[in-house]
Amino acid sequence: MWNYSDKLKEHFFNPKNSGVLEEANAVGEVGSISCGDALRLMLKVEPETQVIQDARFQTFGCGSAIASSSALTEMIIGKTVDEALLVTNKDIADYLQGLPPEKMHCSVMGAEALRAAIANYRGEEWVDDHDEGQLICKCFGIDAPMIERAVEVNGLTTLEEVTNYTKAGGSCKTCHEAIEDVLEAVLAKQGKKLEPAAGAAAPAPAVIGLDQIAPLAAPVTAKPAAPAKKLSNVQRMQIVIAALDEMRPYLKADGGDVELIDIDGKNIYVRLSGACSGCQMASVTIEGIQTKLVEKLGELVRVIPHTMMAAE
Amino acid sequence: MGIYLDNNATTRVDDAVVAEMLPLFTEHFGNPSSMHGYGAAVGGKIEWARGEVQKLLGAAFDTEIVFTSGGTESDNTAILSALKAYPKRREIVTSVVEHPAVLSFCDYLESKEGYKVHRIPVDGKGDLDMAAYEAALSENVAIVSIMWANNETGTIFPVEQLAVMAKKVGALFHTDAVQAVGKIPMDLANSEIDMLSLSGHKLHAPKGVGALYLKRGIRFRPLFRGGHQERGRRAGTENAPAIVGLGKACQLAREALPVELGQVAALRDRLESALIEAIPNCFVTGNPANRLPNTANIAFEFIEGEAILLLMNEFGIAASSGSACTSGSLEPSHVMRAMGVPYTAAHGATRFSLSRDTTQAEIDKVIEVMPGIIERLRKLSPYWTNQGASTAFQPVYS
Ligand SMILES: Cc1ncc(COP(=O)(O)O)c(C=O)c1O
Ligand code: FES
């Protein structure tokens with residue numbers, strides 16, 4: 001049974017603005033019957049002011065699909081068309097006090113219906129450009145296309161690397177096999193092979209040629225330069241990981257270590273271990289990491305010990 | 001009090017089963033392998049339980065019963081054992097509608113271990129394609145694993161006949177009878193079935209206990225190796241309270257078989273015909289002429305199963321659904337898809353599974369509230385108008 005929020009239940013059991021809107025002058029129809037959800041969004045837009053005066057929906061779908069539709073109509077009534085276009089699927093999910101990762105596609109469908117309806121109103125053609133794939137890692141809500149992209153763009157070859165770049169597989173581990181399947185498929189396309197699970201840094205061979213070490217280190221330190229443009233989550237994570245890796249030798253010299261736990265927008269949660277954790281110096285260390293990350297990212301972030309993460 | 005119609009998912013542990021188990025936590029806590037009175041008392045209880053399982057299955061010997069942790073372990077053990085025992089045979093025959101305990105394991109064996117897996121299709125009623133089955137059988141097949149009854153529709157497969165056919169090519173025959181045991185009569189002594197899986201929690205025993213039937217004389221390779229428990233066929237100190245609970249549950253199931261086939265079937269039929277009568281655009285999935293007495297699976301068109309369940313839950317009614325959204329995947333039930341049920345109906349497939357605890361008053365309550373629930377959701381559906389189904393809605397596929 002899903003753990004639905006009260007807000008979501010409220011919108012499911014008593015949906016707002018359901019049914020047909022006879023005076024609609026904008027209609028968006030999206031979804032897929034095979035995936036089990038489809039939505040028709042009807043808007044009445046005032047041509048003078050471009051204000052959405054009324055919105056109604058009809059939805060075939062589960063509890064969160066119906067609630068997302070209801071929430072969407074509530075969020076956009078009274079907004080101008082341009083203002084409404086700023087509503088993202090994340091906003092819908094937030095409005096409902098969150099959705100389980102498996103259900104995020106319900107909010108995506110709402111955001112798409114809105115765009116389709118507005119395109120319809122403007123006489124444009126709406127093209128569906130979201131590629132939402134099979135959900136692989138439930139803990140972090142990572143789907144197959146995201147993993148494929150990370151693997152392709154960064155030349156990843158092991159499960160551990162995928163986890164470092166996307167977080168997928170970093171928690172309960174039930175998705176490890178599925179991640180390897182995706183990885184294997186991409187590598188097969190590139191004519192490469194999956195590296196056998198590097199279960200506990202394989203015992204080092206007696207003599208290691210330099211060429212054997214180099215490729216592993218390379219992708220991580222590749223592009224830490226501070227970019228001017230707004231960072232995507234994946235970019236931000238890569239930079240953070242690279243920066244932490246750079247600092248690690250210094251922490252280790254003091255008998256400690258640092259591990260990235262989560263990135264939630266501008267909040268970066270880390271776990272300090274060994275000599276750093278709990279000691280007097282912890283806050284100094286956190287501060288040092290923060291300074292370093294701000295410098296590398298070129299944007300303000302907060303570094304927070306994972307123990308202060310909001311309990312879920 | 002809630003109305004529990006999800007007995008194919010799990011059942012309430014019978015009070016008599018609980019009573020039978022309790023002493024094994026308190027006074028009879030010994031290890032059955034120990035050489036003292038504490039152990040002997042428990043060992044005796046376990047052997048009694050084994051006899052009860054044997055009787056329910058109609059097996060020839062009690063030594064043919066191996067206790068396990070449940071249906072999944074029994075299924076995995078049976079299949080793997082056959083593959084290890086007949087290493088030259090590299091093919092498996094199963095059906096498209098098996099439980100994941102068999103299907104996912106076969107997928108794994110195919111993709112990672114290189115076995116060839118034949119998945120026999122079913123027709124619109126969920127009946128097995130016998131011609132395809134016959135064609136798949138050959139001397140390369142190590143094991144056939146086909147369920148006795150389907151957990152979603154209740155459709156029964158002719159396993160005795162399938163077993164005879166499998167024997168002709170020298171393949172072992174295993175059946176996942178997790179849903180069938182205790183609901184229909186069985187006579188394994190007079191069948192060609194080599195292995196059978198059952199699970200306690202589907203017949204009013206606790207979760208996490210089950211059994212694997214191994215016909216005397218067949219080759220077997222254990223999954224767990226270690227101690228000599230279960231004659232070396234399943235190592236590990238016995239889960240004595242649960243095993244004794246399973247024994248009691250099997251005894252009760254044997255006694256209640258006439259109730260299952262009589263009263264339970266009658267209530268199921270009453271529920272089904274009333275809903276079909278009262279609600280437009282719905283139909284029974286599976287084969288009504290050949291299925292478990294307790295299961296009704298009704299597909300309500302143009303609405304989605306999770307939404308149905310959430311509204312039913314408001315009335316205290318518990319059932320289950322083949323919809324994608326209840327499983328966390330995007331595809332609706334593989335069983336509905338295999339039967340060719342269209343997507344518009346597959347997502348609304350709702351399973352009502354009764355038990356001997358189900359009362360007529362409960363069924364009448366369900367009959368009373370279901371039409372309103374379905375109507376309420378259809379009013380929200382773009383596929384539905386006041387006049388009925390709508391074909392005008394053609395969304396952009398995403
Ligand atoms: C047909 C079938 N096989 C196997 C199982 C798995 O049994 P268990 O839960 O005891 O592992 C189930 C129940 O979930 C089932 O319905
Ligand atoms: S599902 Fe990926 S770590 Fe839990």
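Biologist: In which sense do S6(B) and strand S7 (residues 195–199) of chain B pair, and over how many bridges?

Modeller: Let's start with the idea: strands of a sheet pair through backbone hydrogen bonds, and they do this either parallel or antiparallel. Here S6(B) and S7(B) run in the parallel sense, with three bridges between them. Two strands count as paired if DSSP finds at least two bridges between them. Helices (H or I, at least four residues) and strands (E, at least two) are themselves DSSP runs, numbered from the N terminus. To see one bridge, look at His174(B), whose partner in S7(B) is Met195(B).
Before we go on, remember that this model is predicted: local features need pLDDT of at least 70, side-chain atom pairs count only at pLDDT 80 or more, and totals for chains, interfaces and linings use all residues. Residues are numbered from 1 along each chain as its sequence is written, chains are lettered from A and ligands numbered from 1 in the order in which they are written, and side-chain values use heavy atoms, with hydrogens and water left out.

Biologist: Which residues of S6(B) point one way, and which the other way?

Modeller: In a regular strand, side chains alternate between the two faces of the sheet. In S6(B), one way point Leu172(B), His174(B) and Asp176(B), while Phe173(B) and Thr175(B) point the other way. Five of the five residues of S6(B) are buried, where buried means under 20% relative accessible area, exposed over 50%, and partly exposed in between (1.4 Å probe, protein chains only).

Biologist: How does the chain cross from S5(B) to S6(B)?

Modeller: First the pairing: S5(B) and S6(B) are parallel over three bridges, and Ser145(B) has His174(B) as its bridge partner in S6(B). The chain crosses between these strands through helix H6 (residues 159–168) of chain B, in a right-handed β-α-β crossover. Right-handed means that, with the strands pointing away from the viewer, the path from the first strand over the helix to the second runs clockwise.

Biologist: And which residues of helix H4 (residues 100–113) of chain B are buried?

Modeller: Among them are Leu103(B), Phe105(B) and Leu109(B). The buried residues of H4(B) pack against several elements of chain B, including helix H3 (71–85), S5 and S6. Contact means heavy atoms within 4.5 Å. After H4(B) comes Gly114(B), with a positive phi near 80 degrees.

Biologist: There is another sheet in chain B. What is its strand order?

Modeller: This open sheet has four strands, in the order S9-S10-S13-S12, with antiparallel pairing. S9 and strand S12 (320–321) are the edge strands, since each pairs on one side only. Between S12(B) and S13(B) there are two bridges, and Ser320(B) stands opposite Arg351(B). H7(B) packs on this sheet, where it touches S9, S10 and S13, and its direction makes about 10 degrees with that of S10(B). For such angles, axes are lines fitted to C-alpha atoms, for helices over the stretch in contact, and angles run from 0 to 180 degrees between N-to-C directions.

Biologist: Which residue does Arg351(B) meet in a salt bridge?

Modeller: Side chains of opposite charge can pair when their charged atoms come close. A salt bridge here is a side-chain nitrogen of Lys or Arg within 4 Å of a carboxyl oxygen of Asp or Glu. Arg351(B) meets Asp6(B), at 3.1 Å from N to O. The two are 345 residues apart, with Asp6(B) in the loop between strand S1 (3–4) and helix H1 (15–21). Both Arg351(B) and Asp6(B) are buried.
Another salt bridge joins Arg291(B) and Glu272(B) at 2.6 Å. Arg291(B) lies in the loop between S9 (282–284) and S10 (295–300) and Glu272(B) in H7 (240–278), so this pair ties together parts that are 19 residues apart in sequence.

Biologist: How many salt bridges are found over all chains?

Modeller: The search finds 28. One network of salt bridges links Asp181(A), Glu184(A) and Lys112(B).

Biologist: Where does UniProt place the feature "binding site" in chain A?

Modeller: The unreviewed UniProt entry gives Cys137(A), Cys139(A), Cys172(A) and Cys175(A). UniProt positions follow the numbering used here, feature names are shortened, and annotations may be inferred rather than shown by experiment. These cysteines span 39 residues in sequence, yet no two of their C-alpha atoms are more than 9.2 Å apart, so they gather at one spot. Cys137(A) is buried at 1% relative accessible area, whereas Cys172(A) is partly exposed at 44%.
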